[in-house]
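Me: I am new to this structure. Walk me through the spaces inside it.

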Amino acid sequence: MRTRTLIAVPLFGAVMSLLAACAGTGTTSDSNSLTFVGYGSETQANQQKAWQQPFTQQTGIKFTNDGPTDEAKLKAMVEADKVTWDLVDDSAPVANQYCGKYVEKLDFSVIDKSTYPDGTVNDCGVPAYFYGLIFMYNTKTYGDHPPTSIADFFDQKKFPGKRIVPPEVNVGLLEDALLADGVAKDKLYPLDVDRALKKIDPIKSDTTFAKTYGQIQQSMVDGQVDMALVSSARAGLALSQGATFKPVWDKTIVNWDVLMVPKNAPNKKKAMEFIAFAAKDKQSAVFSELSSVQPVNPDIKPDYTKAQQETNAFAPAHKNSVVLGNVDWWGKNQDAVVKKYTAWLLG
C-alpha cells in the first residue's frame, strides 16, 4: 500500500524550497476540479477507479492527482497561504495532530458520521479504509512447528530466522512488541516506547526494517524472510503471487488512513462532498476489492478473492484478534516517538 517512511530528517531546506515553489502558484479556485493527493502506485490508481471516476460521472467534477503524500509540503503551503491541494489521503494520526491548523474541520452536515465505526472519526479526518498489520510466517521454514502467537515473532531462540517489519513505526510494531511482552491489549496506551524497543533489541540484527511495503511483499514472494509483519493488502498480494506464508491470528493491530482537507483548500465544499461520496457502499466496496483493504462501513461485504479472504483480519473468525490503534495518542506523540525510534535504529 503505502511507501512513506517515518524517519526524522532535516526539513528547513526542504520547506524553504517548497515555499519558494509555492510562491507563484496562487490559490485560485476551480469549482469544476479537485486536486487529490495520495501515495501513488496501485493504491492511488484504485482510488481513481473506485472513487474519482464515478464521482466525475455523477457531478462533472474532474481530478488532478498529485503525490506522494508529504506533510512538510502541506505545512509549507498552508503557512505560505498558497494551498493547491483539495484532498489528502494520510495516516489517521496526522488528522489529529494537524486539526484546525493545517487541516480543515470537516462539514458533518455533508459527511455522515454514522457511516464510520465508533472511535474512528476525528473533527478533521474520517476513515478512507482500514488495514491490519498481520504476523505471517514462511511454511517452508517452520513446517509442523509453526509460530502461534505474537510473542513468537520476537523469540529468536525458539523461532530462528529472518524477520521484516514495516517502514512506519506508527502502524503496530511497538504495539506488537508490548503485546508480546505481556501487556494487555486494553492497557497498551500510553505506549511504553522504551520497553517496546527493549523487546525488539534481541531480534534487531536479524530484522530488515523495510523502506517500503513493496519490499516486504517481494521479500515474502522470494522467500528471503521467514517471518513478516505485513499490511493486510500486501499480505494478500504476496499470497496471490505464490508466497508460501500463513497468518497467525493472535493479535492484529488495525489502523486506518483518513481523507482530510488542507486548511484553506481552494475547493473545500466539493472536497467534503467527495469524502461523503467515497464512503458510500458501492465505492467503498470496489476500492476494498481492488486494494485488499477493509471498507469504512463494517456492514459492507466486499467480494474478496481467495488470497484476500485468507488475509482478512476483519473476518468474523478473527474478530477477537483485532486490536484497534489509538490515533489520538499517536497524533500527540508521533514526532517524539519517531525521533526516539530513529535514534534507536541508528544506534
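Me: Which residues lie nearest the centre of the second largest cavity?
Reply: This is a predicted model. In it, the second largest cavity has a lining of 11 residues. Those nearest its centre are Ser91, Pro93, Tyr131, Asn170 and Asn255.

Me: Which elements each supply at least two residues of that second largest cavity's lining?
Reply: The lining divides into 7 nonpolar, 3 polar and 1 charged residues. The space enclosed is about 50 Å³. The elements that each give at least two lining residues are α4 (92-98), β8 (245-260) and α14 (327-346).

Me: How many cavities of 30 Å³ or more are there, over the whole structure?
Reply: The second largest has a volume of about 50 Å³. The largest has about 80 Å³. A search of the whole structure at the 30 Å³ cut-off gives 4.

Me: How many charged residues line the largest cavity?
Reply: Its lining consists of Ser232, Ser292, Val293, Gln294, Tyr304, Gln308, Thr311, Asn312, Ala313 and Phe314. Tyr counts as nonpolar here, so Tyr304 joins Val293, Ala313 and Phe314 in that class. The split is 4 nonpolar and 6 polar, and the charged count is none.

Me: What is the volume of the second largest pocket?
Reply: The pocket has 18 lining residues, with Gln294, Pro295, Pro298, Phe314 and Ala315 nearest its centre. Gln294 and Phe314 also line the largest cavity. By class, the pocket lining has 14 nonpolar, 3 polar and 1 charged residues. The space in this pocket is about 370 Å³.

Definitions and conventions: Residues numbered from 1 in each chain as written. Predicted model: local features only at pLDDT ≥ 70, side-chain atom pairs only at ≥ 80, totals over all residues. Heavy atoms only, no water. 1 Å grid on protein atoms, 1.4 Å probe; cavity = no way out; pocket = protein on both sides within 12 Å on 5 of 7 lines; lining within 4 Å. Points joined across faces, edges and corners; volume = space filled by probe spheres on them. Helix = DSSP H or I, 4+ residues; strand = E, 2+ residues; numbered from the N terminus.
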